[in-house]
Amino acid sequence: MHSIPVQETPAKVHAPFLYDPQKKRLFAKAAALGFEMWETYAKQKSLPFKKDGVLEVSLDEQGTKRLEKYLSWGEQNGLKKDEMKFLDSSEVSRQEPEVHCQKAILCTKDASVDFGKFTKSLMEDAKQSGASFLLNTRAEKIQDKKEFLEIKTNSGTIQTDHIINAAGGMSIDIAHAMGTAQDLTDIHFRGEYWQADKIYSNLTRVSVYSVPKHPEYPFLDPHWIVRHDGRCEVGPNAVPVFSPYGYNFTENIKEFPSKIVEMLSSGAAKMLFDSQFLSLATSEFLSSVSKNAMINRVREFLPKVIPSKFHTRGTAGVRASVIDSSGKFVPDAVIKEGTKSTHILNYNSPGATGALPFAVYVIEQMRQKGIIKIQNTGCGPWDYGKVLEFLNAN
């Protein structure tokens with residue numbers, strides 16, 4: 001196998017105060033443990049891990065009530081009281097003079113990292129353990145041949161006893177092609193960023209997020225993000241697109257007809273007639289085509305930023321949110337077992353933060369069902385048993 005370049009992907013390791021410990025139990029548990037696991041791995045591999053914290057701000061009474069709920073969730077998800085501070089506007093001004101808000105939570109357990117470097121390092125570890133990677137390879141057809149599964153790809157045919165489908169935005173499509181999770185569908189959202197001018201490099205010490213105005217929908221109000229290398233960005237929005245690769249107009253137009261047919265024949269049809277969803281989707285689209293619309297949303301709590309000082313778009317990403325047969329967004333990760341297959345669905349934000357413990361969880365589920373056998377429960381610098389104990393604790 002040859003080494004590959006991995007694009008720099010600066011990102012955040014999130015503290016788990018944003019996640020409902022009942023509705024998003026698995027996400028919350030994985031995020032809580034993921035922080036320590038990534039920190040340990042970064043130290044072992046000498047990778048950047050900047051423990052810088054985050055400020056979550058409210059702009060009105062409704063947002064402040066949400067912050068109070070976040071405090072409760074954070075404690076239930078394992079955050080210590082000294083890792084979260086509830087601040088009024090004057091206290092926020094002393095911490096971050098340029099931030100204007102009603103109230104805020106300052107959480108010190110949040111970090112800036114480069115997940116591209118983490119991913120490349122994990123790949124090298126996996127190779128050392130005997131794993132192989134087929135890059136730039138697309139599964140075009142999967143057939144059950146009774147004795148094995150046959151996967152036809154753009155670079156040849158593969159035979160295997162079992163498939164773990166962790167294909168992100170393509171995971172629902174692959175599950176459907178294998179006759180699994182037919183009651184679920186997904187909607188894709190493109191998250192976009194704008195890079196801030198260097199004059200804003202020291203505007204704040206920490207990243208600043210605002211409480212989402214509509215938490216029942218997967219629309220993110222853009223944040224002010226301070227990266228591990230000091231660069232600052234505004235984003236992401238959440239623009240509905242019609243493909244997991246929907247980064248441009250051509251791709252979206254190509255996939256539009258089949259995606260609409262899929263939505264109309266599933267629970268997602270309700271979204272097409274949900275006035276609130278359509279209104280929010282329109283607003284997100286506007287933030288995509290208008291830089292002013294995007295930056296002005298951040299100016300609500302950081303009035304010093306000016307749209308004309310943003311000249312370069314950041315890296316965009318597409319994630320998929322799963323919708324059930326009743327037309328509701330599924331809040332937590334979903335694992336479905338099919339014939340000779342395990343399908344990981346709806347594992348999105350905070351996906352990278354909790355990826356390490358979540359992987360242990362998936363493997364253990366498969367072991368308990370007799371799908372795989374584990375000869376060595378070694379887990380890199382972590383203890384496999386302790387990871388499971390934490391994830392399964394009430």
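**Exercise 1. A mixed sheet and its helix**

Which residue of β20 does Asn165 stand opposite? Describe the sheet to which this position belongs, and the helix that packs on the sheet.

*Solution.* The model is a predicted one.

Step 1. Asn165 stands opposite His343 in β20.

Step 2. The pairing of β10 with β20, which covers residues 341-345, is parallel and runs over three bridges.

Step 3. The open sheet consists of three strands in the order β10-β20-β19, and its pairing is mixed. At the edges lie β10 (163-165) and β19 (334-338), each of which pairs on one side only. On average, neighbouring strands in this sheet are turned by 15° against each other, with direction ignored.

Step 4. Packed on the sheet is helix α10, residues 355-368, which touches β10, β19 and β20. The direction of α10 makes about 30° with that of β19.

**Exercise 2. An antiparallel sheet**

Determine the strand order of the open sheet that contains β7, β8 and β9, and give bridge partners within it.

*Solution.* Step 1. The order of the three strands is β7-β8-β9, and the pairing is antiparallel. The edge strands β7 and β9 (156-160) each pair on one side only. From one strand to the next, the twist averages 20°.

Step 2. Strand β7 (residues 139-144) is joined by five bridges to strand β8 (residues 149-153). Ile142 has Ile151 in β8 as its bridge partner.

Step 3. The connection of β7 and β8 is a hairpin with four residues between the strands. Lys146, in the turn, has a positive phi of about 70°.

Step 4. On its other pairing, β8 meets β9 in the antiparallel sense, again over five bridges. Here Lys152 stands opposite Thr157 in β9.

Step 5. A general rule assists in reading such strands: in a regular strand the side chains alternate between the two faces of the sheet.

**Exercise 3. Links between helices α1 and α4**

Identify an aromatic pair and a salt bridge that link helix α1 to helix α4, and classify the geometry of the ring pair.

*Solution.* Step 1. The count of aromatic pairs comes to 19. For Trp38 and Phe115, the ring centres are 5.5 Å apart and the planes stand at 70°; the pair is therefore edge-to-face, since planes over 60 degrees apart fall in that class.

Step 2. Trp38 belongs to helix α1 (residues 25-45) and Phe115 to helix α4 (residues 115-128). The two residues are 77 residues apart, and their pair links distant parts of the chain.

Step 3. The whole structure holds 19 salt bridges. In the one between Asp125 and Lys45, the closest N and O atoms are 3.0 Å apart. Asp125 in helix α4 and Lys45 in helix α1 are 80 residues apart, and this pair also links distant parts of the chain.

**Exercise 4. Backbone and surface details**

Locate a cis peptide bond, a positive phi at Ser46 and a nonpolar surface patch.

*Solution.* Step 1. Gly235 and Pro236 are joined by a cis peptide bond, with omega about -5°. Pro236 is placed in the loop between β15 (232-235) and β16 (239-241).

Step 2. Ser46, a residue other than glycine, has a positive phi near 55°. The loop between α1 and β2 (49-51) contains Ser46.

Step 3. Phe285, Leu286 and Val289 make a nonpolar surface patch of about 310 Å². Of these residues, Phe285 is found in helix α8 (residues 275-289).

Terms used:
Residues numbered from 1 in each chain as written. Heavy atoms only, no water. Pairing = 2+ DSSP bridges. Axes fitted to C-alpha atoms, helices over the stretch in contact; angles between N-to-C directions. Contact = heavy atoms within 4.5 Å. Patch = residues over 30% accessible without salt bridge, like charges linked within 9 Å, V, L, I, M, F, W, Y side chains within 5 Å. Areas by Shrake-Rupley, 256 points an atom, 1.4 Å probe, with all protein chains shown as cover. Salt bridge = Lys/Arg side-chain N within 4 Å of Asp/Glu carboxyl O. Phe/Tyr/Trp six-rings, centres within 6.5 Å; stacked < 30°, edge-to-face > 60°.
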